[in-house]
Amino acid sequence: MKEYYERRAPEYDATSYELMRASDDASDLDRLEAFVADIPPGRTLDIACGTGWFTRLLRGEVVGVDQSEAMLRIASERVPKARFVRATVPPLPFDDDSFDVALAAHIYCHLAKEDERREFVSEALRVAPRLIVIEEAWRPGLAEETWEERTLRDGSRYRIFKRYYTAEQLAAELGGSSALSTASFVSASVDRPVRPT
């Protein structure tokens, strides 16, 4: 997985968001970008920020974290005002309550085991009281859970675990609420449980 994203970095945008921009699903990407841009300004953590495609839309004090040095190089050029940290998560290399909100786009779906997903959510809610998760939407005829074979432009091949969600499924799994639902993307948010005083 680490090698795949390191090698995919130079072509990531062109084979995902830019490709979608030229397709019939462009309006779904517009809605998703508007949704991200509407996150209130504050201390925001972009988990698995990749090339900074969504990071550039966030307002306030923004930190992006990713495991790929190549992705972070692109992100730091795209969003010079943000701070970027290289780390494999979880755990997150930040103190408790370092942020107001954590955004996680297209990472939760790659966590194959239920305990990994629980740990991820727990870690995100340790550093921020709210987590917003964005994923690719499940569509009829698509397996909800699969190992996808992906070929990069250099011909290298990788098997990547992927889960697809409806907005309701994602919200239920997170124990939160649905925040966005289009044919292409879904989002749900979850708040940290209130601690007894």
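In this report a residue is called buried when its relative accessible area is under 20%, exposed when that area is over 50%, and partly exposed in between, with a 1.4 Å probe and protein chains only. Helices (H or I, at least four residues) and strands (E, at least two) are DSSP runs, numbered from the N terminus. The structure is a predicted model, in which local features need pLDDT of at least 70 and side-chain atom pairs count only at pLDDT 80 or more, while totals for chains, interfaces and linings use all residues. Residues are numbered from 1 along each chain as its sequence is written, and side-chain values use heavy atoms, with hydrogens and water left out.

## The strand β4 and its partners

Strand β4 is largely enclosed by the rest of the structure, because five of its five residues are buried. In a regular strand the side chains alternate between the two faces of the sheet. In β4, Val-101, Leu-103 and Ala-105 point one way, whereas Ala-102 and Ala-104 point the other way, and all of them are buried.

Two strands are said to pair if DSSP finds at least two bridges between them. On this basis β4 runs parallel to β1, to which it is joined by four bridges, and Ile-47 is the residue that stands opposite Ala-104 of β4. Strand β4 also runs parallel to β5 (residues 130–136), again with four bridges, and here Ala-105 has Ile-134 of β5 as its bridge partner. Between these two strands the chain passes from β4 through α5 to β5, and this β-α-β crossover is right-handed, a word used when, with the strands pointing away from the viewer, the path from the first strand over the helix to the second runs clockwise.

Strand β5 is mostly covered, since five of its seven residues are buried. A further partner of β5 is β9 (residues 185–191), which runs antiparallel to β5 and is joined to it by seven bridges; in this pairing Val-133 stands opposite Ala-188 of β9.

## Backbone features in the loops

Most residues other than glycine have a negative phi, and most peptide bonds are trans. The table lists places in this model that depart from that pattern.

| Place | Feature | Value |
|---|---|---|
| Val-89 to Pro-90 | cis peptide bond | omega near -10° |
| Pro-90 to Pro-91 | cis peptide bond | omega about 5° |
| Ala-48 | positive phi | near 60° |
| His-106 | positive phi | about 60° |

Pro-90 is found in the loop between β3 (83–86) and β4 (101–105), and Pro-91 lies in the loop between β3 and β4 as well. Ala-48 belongs to the loop between β1 (42–47) and β2 (60–66), where it counts as partly exposed at 22% relative accessibility. His-106, by contrast, is buried with a relative accessible area of 16%, and its place is in the loop between β4 and α5 (114–127).

## The cysteines

A disulfide is a pair of cysteine sulfur atoms within 2.5 Å, and by this rule the count comes to zero disulfides. Cys-49 is in no disulfide, as the nearest cysteine sulfur, that of Cys-109, is 15 Å away. Seen from the other side, the sulfur of Cys-109 has its closest cysteine sulfur in Cys-49, and the 15 Å between them is too far for a bond. Both cysteines are nevertheless buried, Cys-49 with a relative accessible area of 7% and Cys-109 at 0% relative accessibility.

## The surroundings of Ser-156

Ser-156 is placed in the loop between β6 (145–151) and β7 (157–163), and with a relative accessible area of 12% Ser-156 is buried. Its side chain is joined to that of Asp-154 by a polar contact of 2.6 Å. A polar contact is a pair of N or O atoms within 3.5 Å; within protein, one atom must be able to donate a hydrogen and the other to accept it, and residues adjacent in sequence count only if both atoms are side-chain atoms. When neighbours within four places in sequence are left aside, Ser-156 is in contact (heavy atoms within 4.5 Å) with Arg-7, Arg-150 and Thr-151.
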